[in-house]
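Student: I have a structure open and would like to learn how to read it. Can we go through some features one at a time?

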Amino acid sequence: MLAQIAISVGFLLACGLVLAGLLLLAEKKILNYGTCHIDVNSGRKDLAVEGGSSLLSSLAENNIFIPSACGGRGSCAYCKVTVREGGGMIGPVEEPYLSPEERQASVRLACQVKVRRDLRIEIPDELFNVSRFRAKLLHKKPLTHDIVELRMQLLEPGEITFEAGQYVQLESAEYKGRDSVMRGYSISSLPSDRNHLELIIRRVPDGICTTWVFDHLKEGQELNFSGPYGFFHLSDTDAPLIGIAGGSGMAPIWAIVRDMKEKGITHRPATYFFGALTQKDLFFMDEFRQLEKDCPWFTFVPALSKEPDDSGWTGERGLITDVVARRFPDASQHEAYLCGSPGMIDASVAVLRSNGMPEENIFYDKFA
Ligand SMILES: Cc1cc2nc3c(=O)[nH]c(=O)nc-3n(C[C@H](O)[C@H](O)[C@H](O)COP(=O)(O)OP(=O)(O)OC[C@H]3O[C@@H](n4cnc5c(N)ncnc54)[C@H](O)[C@@H]3O)c2cc1C
Ligand code: FES
């Protein structure tokens, strides 16, 4: 009986997959939308594109790069643009990501809108400054057992302008039958080093881009990325800072703190909490101790949640959120900069809010 049910379910699934494939094929090969025009920001650009692709990829082919951290899978919601005309109906993938106000304002996910007719769209002006870069990998340095640092020399264009905290989208190459994908990575190098770019990347088991970075990308190889993207950077207030990160979430905070030092921003006390499991997940420890010596306004607090009791570790123990709550029972006057997994960020926001921090003082990049 169970076997019969399994066979029926399998048969139905296979039929569904074949049908979906046929529909995609028909869309690509049989339906011919011809040349469509995309009017961007009321005449700032008028693009003539071949219909049938997503708005996201049609724009990218014309050197307009919309943030797309999930690579067009419809799961990051970074690719929102305003589609005034020609966008068609909101699809089921988009629905959960669009608030009633956004629907009212004609906001759509660019990766889910198909170009089938002429479109009239609006994008933030900053996105006209995003470029696609070719670079050469100078080093791939292990920082821990599952984190590497990439350092690149920019080839074309040879310089990048960005703010500490922003991110780029790295393009993996095809390997072992896996397509090229784009993924977001925060820049860990300093904005003053305009000819180079550094990233800190953590391996995700079976992740497409990180497997390419760890197992296929070689020093000396050329690679591509676009950027800079994002609004995660130091505000221009005088508020003291709390930074919270875990794992490769280190990247933008490492850039922001050193950028503050370089620019002589000494009037904003900054405490940076870094959460890890055990000592083998820590890195840049010597560099942070040196920063503490050089910068009286800066405090580094690493905290370990799974370190064996008898290891000799004398620093903080426990969840990073508990350590923050203990050290800042009143966070009402501070600003917070959070970076890492969505779970860690949600937990940190809850703690900071309950310790008095206004929502508008909390900035984060979720590594989703
Ligand atoms: C703004 C931003 C900045 C970031 N900065 C950094 C950084 O500095 N350093 C860093 O290490 N990471 C960073 N990330 C995360 C990074 O972009 C990638 O998400 C991460 O490296 C995983 O990519 P991947 O291609 O290896 O994994 P993916 O192939 O995307 O897979 C990730 C996980 O999702 C699962 N998965 C695969 N396909 C699907 C699917 N179709 N649907 C659902 N789940 C699926 C996989 O099994 C795996 O568990 C950042 C993310 C954002 C949004
Ligand atoms: S690119 Fe991620 S949702 Fe569109």
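Tutor: We will take a sheet, the helices that lie across it, and two residues in loops. Keep in mind that this is a predicted model.

Student: What is the strand order of the open sheet of 6 strands, and with which pairing?

Tutor: Read a sheet from one side to the other, not along the sequence. Here the order is β15-β14-β13-β12-β16-β17, and the pairing is parallel. At the edges are β15 (316–317) and β17 (362–366), each of which pairs on one side only.

Student: Over how many bridges do β13 and β14 pair?

Tutor: Strand β13 (residues 270–276) runs parallel to strand β14 (residues 298–304), and 7 bridges join them. To find one of these on screen, start at F273, whose bridge partner in β14 is V301.

Student: Which strands do helices α7 and α8 lie across?

Tutor: Take each helix in turn. Helix α7 (residues 320–327) lies across β12 (241–246), β13, β14 and β15, at about 155° to β13. Helix α8 (residues 342–354) lies across β12, β16 (335–340) and β17, at about 160° to β16.

Student: At what angle do the axes of α7 and α8 cross?

Tutor: They cross at roughly 20° and come within 9 Å. Angles under 35 degrees count as roughly parallel, so α7 is roughly parallel to α8. The residues in contact are I320, T321, V324 and A325 from α7, with M344, A347, S348, V351 and L352 from α8. As for handedness, the crossing of α7 and α8 is right-handed.

Student: Now the loops. Is R268 buried or exposed?

Tutor: Look at the relative accessible area; under 20% counts as buried. R268 has 1%, so R268 is buried. This residue sits in the loop between α5 (250–263) and β13. A polar atom of the R268 side chain lies 2.7 Å from the backbone oxygen of A239. Leaving out residues up to four places away in sequence, R268 touches several others, among them L234, M260, W297 and Y337.

Student: And where does H233 lie?

Tutor: H233 is in the loop between β11 (222–229) and β12. Its relative accessibility is 22%, so H233 counts as partly exposed. With residues up to four places away in sequence left out, H233 touches E163, A164 and Y337. The side chains of H233 and E163 make a polar contact at 3.5 Å.

Student: How many residues apart in sequence are H233 and P252?

Tutor: They are 19 residues apart in sequence, and their C-alpha atoms are 8.4 Å apart in space.

Definitions and conventions. Residues numbered from 1 in each chain as written. Chains lettered and ligands numbered in written order. Predicted model: local features only at pLDDT ≥ 70, side-chain atom pairs only at ≥ 80, totals over all residues. Heavy atoms only, no water. Pairing = 2+ DSSP bridges. Helix = DSSP H or I, 4+ residues; strand = E, 2+ residues; numbered from the N terminus. Contact = heavy atoms within 4.5 Å. Axes fitted to C-alpha atoms, helices over the stretch in contact; angles between N-to-C directions. Buried < 20%, exposed > 50% of the residue type's maximum accessible area, 1.4 Å probe, protein only. Polar contact = N/O pair within 3.5 Å; in protein donor to acceptor, adjacent residues only side chain to side chain. Parallel < 35°, antiparallel > 145°, perpendicular 65-115°, else oblique. Left-handed = near helix turned anticlockwise from the far one by under 90°.
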